Amino acid sequence: MNYSNKLWLEENDKKNLATLLQNTLEKHNLSHKDIYIGGFSSGGIVSLLISNYITGMKEFYIDPKGVFIADSPIDLLALYKASEINIKKNFSDVAVQESTWILQLFNKELGNPKDGISKYEKHAVFTSESNYTKNLSNLKNTKIRLYTEPDLNWWKVNRKTDFEQTNAYYIQKLSKSLHKLDFKDVTYITTKNKGYRANGDRHPHSWSIIDKENLFNWILNNN
């Protein structure tokens, strides 16, 4: 699902998307039980935020049993800082173009973090700098899977990026934070040499890091 051209959901986005999901279930006579929501990259951000929203709103009867993400940029503040580093290094054209877009969007919508990070905390899944996890607080009893492929060599060679600038690093930190907060079922899953794009190009930031059969078994196991 392509929803919103940002890396977060505004409050009206959450309500509209939740309504769309619920109406779709009703229209097609689908069960509202055993719902699982997940996504890759920004889709994972949407999955976590909408699941947290739905779970906390009594007007929606959808109750996600589980949520999963694949290498999502969950920490917007960290992404801003990593983008600044990418532009300064000027090593990869792809990284510079993406980072330029991110800085322009974030400065416009969230402001420069030097002036405060409250908007970043409000909109991000997780802000590691302040250990802000409030945007997931309704998912304490929801099954969560966090997939990532921390291929440090690939990022170093192809983007000149350190581990601390990758999605994998912040997903790992989120996993540790949620465990400390006694979230019921959080699994941090790392893979090796599974990330490939549809055209065969090697890239750890890919849907293919998910073992489909294993994911389906996790979904079918409703315990």
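Me: In this predicted model, which side chain meets glutamate 109 in a salt bridge at 3.8 Å, N to O?

Reply: Happy to look at that one with you. A salt bridge here needs a side-chain nitrogen of Lys or Arg within 4 Å of a carboxyl oxygen of Asp or Glu. The N to O distance of 3.8 Å meets that cut-off, and the partner of glutamate 109 is lysine 6.

Me: How many residues apart in sequence are the parts that this pair ties together?

Reply: Glutamate 109 lies in helix H4, residues 93-109, while lysine 6 sits in the segment before helix H1 (11-27). The pair therefore ties together parts that are apart in sequence by 103 residues.

Me: Which residues are joined into one network by salt bridges that share partners?

Reply: Lysine 6 also meets glutamate 10 in a salt bridge, at 3.6 Å from N to O. Lysine 6 is thus a partner of glutamate 10 and of glutamate 109. The salt bridges with shared partners join into one network Lys6, Glu10 and Glu109.

Me: Is lysine 14 buried or exposed?

Reply: Let's start with its salt bridge: the side chains of lysine 14 and glutamate 11 meet at 3.1 Å, N to O. Both residues lie in helix H1, 3 residues apart, about one turn of the helix. Glutamate 11 has 48% relative accessibility and counts as partly exposed. Lysine 14 has 10%, and because buried means under 20%, lysine 14 counts as buried.

Me: And how many salt bridges does the count come to?

Reply: Those described here include lysine 6 with glutamate 10 and glutamate 11 with lysine 14. By the same 4 Å rule, the count of salt bridges comes to 8.

Terms used:
Residues numbered from 1 in each chain as written. Predicted model: local features only at pLDDT ≥ 70, side-chain atom pairs only at ≥ 80, totals over all residues. Heavy atoms only, no water. Helix = DSSP H or I, 4+ residues; strand = E, 2+ residues; numbered from the N terminus. Buried < 20%, exposed > 50% of the residue type's maximum accessible area, 1.4 Å probe, protein only.
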